[in-house]
Amino acid sequence: MSSSSAARTNLTSNDVRIGNYKLGQGTFRVCLEGTFRGGNRNDQEAACKRFKPQFRGMESEFFAQDFRNADKAIEFAEEWNEFCDF
């Protein structure tokens, strides 16, 4: 999991109500409307992505790879910033 200093710090909500309205879908996941409950994002809109039933078995690997990709992007950005003299 990413340990970047760019990680979001405003995610104190730990619950979300997921509605039935579909915002969109891709090959593997569907995105439904939602509303944050509690915390500093209480009652704000949320986009809730979940895997389609036939692809739920790949969820763990998907997120593991997603974090690896984010970490690599952060690494590239940090190397670029070191390379450039501002």
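**Exercise 1. Arg37 and its partner**

Task: State whether Arg37 is buried, partly exposed or exposed, and find which side chain meets the side chain of Arg37 in a salt bridge.

Solution. Step 1: the relative accessible area of Arg37 in this predicted model is 26%. Step 2: buried means under 20% and exposed means over 50%, so Arg37 counts as partly exposed. Step 3: the salt-bridge partner is Asp43, with 2.3 Å from N to O. Step 4: Asp43 belongs to the loop between β2 and β3. Step 5: the backbone of Asp43 deserves a check. Most residues other than glycine have a negative phi. Asp43 is not a glycine, yet its phi is positive, at about 65°.

**Exercise 2. The other salt bridges**

Task: How many salt bridges does the structure hold, and which residues form salt bridges with Arg68 and with Glu75?

Solution. Step 1: the structure holds three salt bridges, one of them being the Arg37 to Asp43 pair. Step 2: Arg68 is bridged to Glu61, and the closest N and O atoms are 2.8 Å apart. Both partners are partly exposed: Glu61 has a relative accessible area of 49%, and Arg68 has a relative accessibility of 41%. Step 3: Glu75 is bridged to Lys72, with 3.3 Å between the closest N and O atoms. Here too the partners are partly exposed, Lys72 at 39% and Glu75 at 33% relative accessibility. Step 4: the spacing in sequence can be read against the helix. Lys72 and Glu75 both sit in helix α1 (residues 59–83), and because they are three residues apart, about one helical turn separates them.

**Exercise 3. The fold and the sheet**

Task: Give the order of secondary structure elements along the sequence, then describe how the strands are arranged and which of them stand at the edges.

Solution. Step 1: the protein has one helix and three strands, and their pattern along the sequence is β-β-β-α. Step 2: the three strands make an open sheet, ordered β1-β2-β3, with antiparallel pairing. Step 3: the edge positions are taken by β1 and β3 (45–51); each has a single partner strand, so each has one side without a neighbour in the sheet. Step 4: from one strand to the next, the twist averages 35°.

**Exercise 4. Pairing of β1 with β2**

Task: Determine how many bridges join β1 to β2, how many residues the hairpin between them uses, and which residues of β2 stand opposite Arg17 and Gly24.

Solution. Step 1: strands of a sheet pair through backbone hydrogen bonds, either parallel or antiparallel. Step 2: β1 and β2 (residues 29–37) run antiparallel and are joined by seven bridges. Step 3: the connection is a hairpin of three residues. Step 4: Arg17 is set opposite Thr35, while Gly24 is set opposite Cys31.

**Exercise 5. Surroundings of Gly19**

Task: Locate Gly19 in the secondary structure, state its exposure, and list what it touches beyond four places in sequence.

Solution. Step 1: Gly19 is part of strand β1 (residues 15–25). Step 2: with a relative accessible area of 21%, Gly19 is partly exposed; the limit for buried is under 20%. Step 3: beyond residues up to four places away, Gly19 touches Leu32, Glu33 and Gly34. Step 4: a C-alpha distance can be added. Gly19 and Ala46 are 27 residues apart along the chain, and their C-alpha atoms are 10.0 Å apart.

**Exercise 6. Ser13 ahead of the sheet**

Task: Is Ser13 buried or exposed, and which backbone oxygen lies 2.5 Å from a polar atom of its side chain?

Solution. Step 1: Ser13 is placed in the segment before β1. Step 2: its relative accessible area is 14%, so Ser13 is buried. Step 3: the backbone oxygen is that of Gly38. Step 4: aside from neighbours within four places in sequence, the contacts of Ser13 are Phe36, Arg37, Gly38, Gly39, Asn40, Arg41 and Asn42. Arg37, from Exercise 1, is thus one of the residues in contact with Ser13.

**Exercise 7. Whole-chain values**

Task: What share of the residues is buried, and what share of the accessible surface belongs to carbon and sulfur atoms?

Solution. Step 1: of the 86 residues, 16% are buried. Step 2: the accessible surface is about 7000 Å², and carbon and sulfur atoms hold 51% of it. Step 3: among contacts with a separation of 6 or more, 32% are between residues 24 or more positions apart.

Key. Residues numbered from 1 in each chain as written. Predicted model: local features only at pLDDT ≥ 70, side-chain atom pairs only at ≥ 80, totals over all residues. Heavy atoms only, no water. Helix = DSSP H or I, 4+ residues; strand = E, 2+ residues; numbered from the N terminus. Buried < 20%, exposed > 50% of the residue type's maximum accessible area, 1.4 Å probe, protein only. Contact = heavy atoms within 4.5 Å. Areas by Shrake-Rupley, 256 points an atom, 1.4 Å probe, with all protein chains shown as cover. Salt bridge = Lys/Arg side-chain N within 4 Å of Asp/Glu carboxyl O. Polar contact = N/O pair within 3.5 Å; in protein donor to acceptor, adjacent residues only side chain to side chain. Pairing = 2+ DSSP bridges. Axes fitted to C-alpha atoms, helices over the stretch in contact; angles between N-to-C directions.
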